[in-house]
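Me: I would like to go through this structure by question and answer. Please show it first.

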Amino acid sequence: MRTAVAELGPVTAARVAQVLGLTGPAVRRHLDAMVAAGVLDVREPRPEQRRGRGRPAKEFVVASAGHDALPAGYDDMALSALAYLAEVAGPGAVEDFASRRFAALEESMRQRAGDLAGAGTAERVDALAAALAEQGFSASARPVAQGTAAEGTQLCQGHCPVQRVAQAFPQLCEAERRAFERILGSRVQRLATLAHGDHVCTTFVPHEGPGQGPAPGSGRGPGRTHPHDRAAGSPADQQTPTEGRRP
């Protein structure tokens, strides 16, 4: 019904009912509900519509919130732009773009660094999840393998605003992973991604105790040793939880 209003608006409920083959009362109920939800706006009838006696029928148009929910084609534009960038400037330009995309997230976390000074890994991951949620990633964090050598926190992202683009350009996922490591000051392990067909993006972060890890944005990456870092292939690494990974 929102699409019909977008195509015909400003349009009356009677006209929408006629086009959709529905009853007038049913259409008016739906339109009024969408107005209450902020999806549609009501406008006074146009001057040429003010004919005859009686109160002219109100007309409906799509509100800003309604336009946000309609297909916009942004993914197609982004895909075309990145393909062009790779063609004229090479794959390195796409990687640079992907890294720059997370600059705002890293800056946001640097601003929170003071509040997280001395915090353990779990608290830092919680803060990162909150920052991602603010950017539309539907992020959450949960403890896993508590009391074992593989204890850590899983960062889950149930939605990716650029999923289609990431499917074509995996550099975005890799740049995100590297940004997480810089923000958390800890190595991370990507277990699953929406871009690869999984139902959720899942990142495992091994735990460090309170005060043992650096503040977010400190830049300590996986290349620097830490008492809690383990060599790849060790028994503890082999116990890393894989919840969210594709079977």
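**Helix α3 and its surroundings**

Me: Which residues are buried in α3?
Reply: This is a predicted model, in which local features need pLDDT of at least 70, side-chain atom pairs count only at pLDDT 80 or more, and totals for chains, interfaces and linings use all residues. Residues are numbered from 1 along each chain as its sequence is written, and side-chain values use heavy atoms, without hydrogens and water. Buried means under 20% relative accessible area, exposed over 50%, and partly exposed in between (1.4 Å probe, protein chains only). In α3, the buried residues are Gly24, Ala26, Val27, Leu31 and Met34.

Me: How wide an arc do they cover around the axis?
Reply: The arc is that of the directions from the helix axis to the C-beta atoms. The buried residues lie on the same side of α3, because their arc is only 165°.

Me: Which residues are exposed on the other side of α3?
Reply: Helices (H or I, at least four residues) and strands (E, at least two) are DSSP runs, numbered from the N terminus. On the other side of α3, the exposed residues are Arg29 and Ala36.

Me: Which elements do the buried residues of α3 pack against?
Reply: Contact means heavy atoms within 4.5 Å. The buried residues of α3 pack against α1 (2-8), α2, β2 (40-43) and β3 (59-62).

Me: Where does Leu22 lie, and what is its relative accessible area?
Reply: Leu22 lies in the loop between α2 (13-20) and α3 (24-36). Leu22 is partly exposed, because its relative accessible area is 44%.
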